[in-house]
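The following paragraphs lead the reader through a structure, beginning at its ligand and moving outward. Please keep the sequence and the coordinates at hand.

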Amino acid sequence: MNSKTLLFNLLNFIAKLTGNKNCFIFTVKNRSDMHHSNHRIGFKSKFGAIAALAGSAVGLGNIWKFPYVAGTNGGGAFLLVYIFFTIAIGLPVMLAEFSLGRRSQQNALGTFRVLAPGTKWFLFGLLSIIAATLILSFYGTVSGWTLEYVWLSISNSFHGQSAEDINSIFTNFISHPYKALLWHIGFMFLTGAIIMGGVQKGIERYSKLMMPLLFIIIIALSINSMTLSGSAEGLRFLFFPKLSELTADSILSALGQAFFSLSVGMGILLTYASYIPKNDNLTGISLKVIITDTLVAILAGIAILPAVFSFHIDPQAGPGLVFLTLPKVFQGLPAGEIWAILFFILLTFAALTSAISLLEVPVAYLVEEKKLKRPWATVIATLVITCIGSFNTLSFGPLRHVQIFGMSLFDACDYLCSNILLPLGGILICIFAGWYLDKSILYSEISNNGSLKTRFFRLYTFILKYIAPICIFLILLNVLGII
Ligand code: PHE
């Protein structure tokens, strides 16, 4: 078998796994013909669209980051500020991205080519594609770790281990010359396989499957956590408003967390929105996505913090809490092995539904702008992102001495994306939709050509023009240490 036939068979095999006959190489011709006749495949059902969009928003940010950030920034007071920003600023920016994507029916770059022809705005589209690529390159690293932890929980490897043993399991794993890399590659393979299935048979089908399961698991975990003795302290840590801890800094981190959690500003929602049917109500969809995202963050807090408190563990930031302390927490629970398996499966689902939304951005670009067939576009994008990402994964092991501005490769990539590109993208969306674009375009998308009531349209455009960009600019200055 020559290498071309081998690749051909491999692609068909992946297509078969994802169940999409349309993406078989030998039928691809028809799909690209359809593209040229400007027929684009979108989400089949409204529930599918919401599951996909909420899947993008709900991710590692909700499950490991939110509980800690909320707890240390004023608990209930932070929660109120977070919810306020989510609705007052996250919603308008999300709705702007939805309107742009659905109006243009294009990928992130094509949207600006169509809506702002002959201008340099397409460079912003390009920036979004680069940002999505970079985010996935480090998101894939942590997602690979979650797969290893699913495996460690299934093989009951934490049984009888001391806290130090659990620490060394984690540090040995992430610094191993290739183990973390293999899981990373495995995770990217799964992400690529789903994206290769296309919008309906890949993204929509798997989001519809994973999001309800994710919800069931997180509700079960929260109920279980609340039955623990001493859980009240954890709930108090999360919900009791400690107004004295609510500083200017924590108000800005609430806004930053809201943005990261909603996946706004990166061309992701814009790309997904280009698949939303024309008669769906964009405001209704964005409200549902926002409610789901916030609910999962709160449930994650309820699931994690009481357990952490009842075992007298100090809640600490980032991956540490999830990968170092939770295995210890689960050890102490009745039927802890099962809860551990469920928790890490939950984390994998959350990561996977966000990862596919990130991969779809460059894939849609390659298909629509570079006229590649979807299977090839997926293979190329997945390979490139995995190659870049392997440097991030190896930066905890063999490449740990490589530093950029005093940060490891992983930290530098995370910093660049989360602290600079994400807010920058948010500001540019506001400027484009609020200042550059004709208001009638936004109005016709939000009101479905005047057939829906839009009572808040003026308030909405006011926020988009003034409030949102100024607030995001403040976050940018804050994370850069300027204010
Ligand atoms: N919203 C995702 C989360 O909460 C992270 C993400 C950010 C995904 C930006 C895509 C783009 O984890």
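**The ligand and its surroundings**

Among the elements of the fold, α4 makes the greatest contribution to the shell around the ligand, giving 3 residues. The model under discussion is a predicted one. Two or more residues of the shell come from each of α3 (46-57), α4 (60-72) and α12 (248-262). In full, the residues around the ligand are S56, A57, G59, L60, G61, N62, Y139, F260, S261, S263, I268 and L358. Sorted by class, this shell holds 6 nonpolar and 6 polar residues, and no charged ones.

Which backbone atoms lie close to polar atoms of the ligand can be described residue by residue. A polar backbone atom of L60 is 3.1 Å from an oxygen atom of the ligand. On the side of F260, a backbone N or O atom lies 2.9 Å from a nitrogen atom of the ligand. For S261, the corresponding distance from a backbone N or O atom to a nitrogen atom of the ligand is 3.0 Å. The ligand taken alone exposes 320 Å², and the protein buries 100% of that area. The space that the ligand takes is the largest cavity.

**The loop after α12**

From the ligand shell the description passes to the loop between α12 and α13 (268-273), where M266 lies. S263, one of the residues around the ligand, is found in the loop between α12 and α13 as well. Is S263 buried or exposed? With a relative accessibility of 11%, S263 is classed as buried, because the limit for a buried residue is under 20% relative accessible area. M266 is also buried, because its relative accessibility is 2%.

The backbone of S263 deserves attention in its own right. Most residues other than glycine have a negative phi. S263 is not a glycine, yet its phi is positive, at about 60°. For M266, a long-range separation can be given: its C-alpha atom is 24 Å from that of F405, and the two residues are 139 apart along the chain.

**A second positive phi, and helix α16**

A positive phi also occurs at A335, a residue other than glycine, where the value is near 55°. A335 is placed in the loop between α15 (318-331) and α16 (336-368). How does its accessibility class follow from the numbers? A335 has a relative accessibility of 44% and therefore counts as partly exposed, because that class lies between the limits of 20% and 50%.

Helix α16, which follows this loop, contains E368. Because its relative accessible area is 8%, E368 is buried. Which side chains does the side chain of E368 contact? One polar contact joins the side chain of E368 to the side chain of R40, at 2.6 Å. Another polar contact is made with the side chain of N107, at 3.0 Å.

**Buried positions in α4, α7 and α8**

The remaining positions lie within helices. The first to consider is A70, in helix α4, the element that gives the most to the shell around the ligand. A70 counts as buried because its relative accessibility is 0%. Between A70 and A303 the C-alpha distance is 14 Å, while 233 residues separate them in sequence.

Helix α8 (residues 163-175) holds I166. I166, too, is buried, because its relative accessibility is 0%. The C-alpha atoms of I166 and L60 are 21 Å apart, with the two residues 106 apart along the chain. L60 has already appeared as the residue with a polar backbone atom 3.1 Å from an oxygen atom of the ligand.

Helix α7 (residues 122-154) contains L134. L134 is buried, because its relative accessible area of 18% falls under the 20% limit. The C-alpha atom of L134 is separated by 36 Å from that of R458, and the two residues are 324 apart along the chain.

Note on methods: Residues numbered from 1 in each chain as written. Predicted model: local features only at pLDDT ≥ 70, side-chain atom pairs only at ≥ 80, totals over all residues. Heavy atoms only, no water. Near = heavy atom within 4 Å. Polar contact = N/O pair within 3.5 Å; in protein donor to acceptor, adjacent residues only side chain to side chain. Areas by Shrake-Rupley, 256 points an atom, 1.4 Å probe, with all protein chains shown as cover. 1 Å grid on protein atoms, 1.4 Å probe; cavity = no way out; pocket = protein on both sides within 12 Å on 5 of 7 lines; lining within 4 Å. Sits in = over half its atoms within 2 Å of the grid points. Helix = DSSP H or I, 4+ residues; strand = E, 2+ residues; numbered from the N terminus. Nonpolar A, V, L, I, M, F, W, Y, C, P; charged D, E, K, R; others polar. Buried < 20%, exposed > 50% of the residue type's maximum accessible area, 1.4 Å probe, protein only.
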